Amino acid sequence: MTTAARTQPTTEDASAPWWRQAVVYQIYPRSFADADGDGLGDLRGILSRVDYLAALGIDAVWLSPFYPSKLADGGYDVSDYRDVDPRLGTLTDFDALVDRLHTNGIRVVVDIVPNHTSDDHAWFQQALTAGRGSSARERYVFREGTGPDGEQPPTDWVSMFGGPAWERVADGQWYLHHFAVEQPDLNWAHPDVRADFVRTLRFWADRGVDGFRVDVAHMLTKDLSEPLPSKAALDALPIDGTHPVLDRDDVHDVYAEWRAVLNEYDPPRTAVAEAWVAPSRVPLYASATSLGQAFNFDLLEADFDAGQFRTVVENNLALSARSGSSSTWVLSNHDVVRHATRYGLPAPGRTPDGRPANRHGREWLLGGGVGDLDVAGGLRRARAATLFLLGLPGSAYLYQGEELGLHEVADIPDELRQDPTHTRSGGFDVGRDGCRVPLPWASAGPSFGFGPGPAHLPQPGWMASYAVAEQEDDPASSLNLYRRALQLRRELLAGEDLEWRDTGRPDVLRFARHGRWEVVTNFGTADVPLDGGEVLLSSGAMRRDVVPAETTFWLAPRLSARTPQRDPEVRT
Ligand code: GLC
């Protein structure tokens, strides 16, 4: 028995927009490669590694913020949206990088951070000096405090990073910041704000940027009419498009304007929303009249479990069919514990509505990474999950270092941690630095080849054995698994169809893609018989008749007349 799922386009369609099934590789620039040796990755560092990116076989890079920033939140506190942080390079370096990537057939997506600026941004500095009642303050959200002298915040709202969501300035007013203190929220009802972001989009699109990743896309517009509700009242309100601060319907007025601008370009510039919203509301962001695509973080929150994976795939293919966009798939990014590590730790348990009961890996990180982690098992499951993901219809978003099989770094001394979630949560969370540690390119050297100098976050010794140079010539390495998978994916990919095959087992998933290839994942802990098919690629051991435990195979479809056997380079 087979179950067909969706979608458009169902047949091979060479004219489908490039992004629909692109493999997008996320670069966190400060931790990718450091050309000048100051310990912070830079644009010239990325430029020096374009050959590596081309050999990996990706379609696009997404650059996390490289703009001027005092790094209160890893660069997501932007002080100038139309420039490059001098520590990372210049606009000329940026142009050279885009040029070099394009020459290698790699498109470029940049991060846009519209919910908040840095408190170093010229607008915020003007707002501080101009004082209460000034038009400069109107671009942000300033309010008087409560209590006899206004010494209490306007409300008891809490920031996403912990602690109060309001900060008091010298003259006694308070400003709203849903993230760090250094990230004042913009007022999206202000025409200057709207106009300035359109200018920013054009600035980068004119420089050849192919698309935008929109940070915290669900929080820009707000209804802050007085009286402001208390936290309890706010939390009790439905998030149905009318909530005062989350996922409001009117945010799509902003994106409709952006979409019109992006569509002026040929080809139209893409945008993908980072929107943490209810599944039923994701299509609003992904629709062709809004941003056009939205992240789906469901796999990232799933355990390594066949039932959960299948539900996630079915739900998200149905959602993308509703929006007309393609689905996105993510296992790791700069905000979460790396998936090799998550899958090596006990599952966090589930709430009644099926969400993880806790941030996966949080307890382990808090304990300094001692005990519990199954290093080899985590990587085995991560490789299987990745090969499963890369077989799905839609775009795959990969995070730098996952192709090396990197684990999370847990043992970063408190005084070296940079993520504001660490201090703002009062140590409740240790933050996200563990997935942002600079990449190891070589097994020796001051920062394992990251640069000629040190690394801005400490690299543990074990990273040496994960270095690119160590993996280059090892056919069983994670790097070569990713390379081979991306190359094969290019050869095999056609439409966005997916057809489930019945495996008769709850722990094995199998699906077919347009008669060209099948993907079978054994999520269980025992080998299972392989029910036909010729193995093209394996995430683990290569066997003819069984799918080993916790392993994904890519298979040539079962044909009556056998096709010549391919000879996969990756055999482990
Ligand atoms: C997004 C980013 C995250 C950042 C936050 C605030 O969630 O992915 O890294 O801290 O927005 O800008």
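**A walk from a proline loop to the ligand**

P267 sits in the loop that joins α8 to β9 (270-273). The model shown here is predicted, and this loop is a convenient place to enter it. The peptide bond leading from D266 into P267 is cis, and its omega is near -5°. A cis bond is also found from E226 to P227, again with omega near -5°. P227 belongs to the loop between β8 and α7 (231-236).

Helix α8 comes before the loop of P267, and W258 is part of this helix. Is W258 buried or exposed? Its relative accessibility is 1%, and buried means under 20%, so W258 counts as buried. Which residues does W258 touch, leaving aside those up to four places away in sequence? They are I112, P114, W188, F197, V198, L201, V214 and L291. W258 can also be placed relative to A271: 13 residues separate the two in sequence, and their C-alpha atoms are 9.3 Å apart in space.

Among the residues touched by W258 are F197, V198 and L201, and these three are also among the buried residues of helix α6. The rest of the buried set in α6 consists of V193, D196, T200, W204 and A205. What covers these buried residues? The cover includes the helices α3 (91-103), α4 (122-130) and α8 (251-262), together with the strands β4 (107-112) and β8 (211-214).

The length of α6 can be checked by simple reasoning. The helix runs over residues 191-206, which makes 16 residues, and at 1.5 Å a residue the expected span is 22 Å. The C-alpha atoms at its two ends are 22 Å apart, so the model agrees with the expectation. Just after the helix comes G208, with a positive phi of about 105°.

Positive phi values also occur in residues other than glycine. One of them is D247, where phi is near 50°. D247 is placed in the loop between α7 and α8. Its relative accessibility is 1%, which means that D247 counts as buried. F448 is another such residue, with a positive phi near 50°. Its loop runs between α15 (420-424) and α16 (468-471). Where buried means under 20% relative accessible area, the 13% of F448 is enough for it to count as buried.

The last stop is the ligand. How many residues surround it, and which come nearest? There are 14 residues around the ligand, and those that come nearest are D73, D215, E274, H334 and D335. By type, this shell divides into seven charged, four nonpolar and three polar residues.

Several side chains can be followed to oxygen atoms of the ligand. In D73, a side-chain N or O atom is 2.6 Å from a ligand oxygen atom. For H116, the distance between an N or O atom of the side chain and an oxygen atom of the ligand is 2.9 Å. H334 likewise has a polar side-chain atom at 2.9 Å from a ligand oxygen atom. How much of the ligand is buried by the protein? The ligand exposes 300 Å² when taken alone, and the protein buries 95% of that area.

Methods: Residues are numbered from 1 along each chain as its sequence is written. This is a predicted model: local features need pLDDT of at least 70, side-chain atom pairs count only at pLDDT 80 or more; totals for chains, interfaces and linings use all residues. Side-chain values use heavy atoms; hydrogens and water are left out. A residue is near a molecule or strand if one of its heavy atoms lies within 4 Å of it. A polar contact is a pair of N or O atoms within 3.5 Å; within protein, one must be able to donate a hydrogen and the other to accept it, and residues adjacent in sequence count only if both atoms are side-chain atoms. Accessible areas come from the Shrake-Rupley method with a 1.4 Å probe; for residues, only the protein chains shown count as cover. Ala, Val, Leu, Ile, Met, Phe, Trp, Tyr, Cys and Pro count as nonpolar, Asp, Glu, Lys and Arg as charged, and the others, Gly among them, as polar. Helices (H or I, at least four residues) and strands (E, at least two) are DSSP runs, numbered from the N terminus. The expected span of a helix is 1.5 Å times one less than its number of residues. Buried means under 20% relative accessible area, exposed over 50%, partly exposed in between (1.4 Å probe, protein chains only). Contact means heavy atoms within 4.5 Å.
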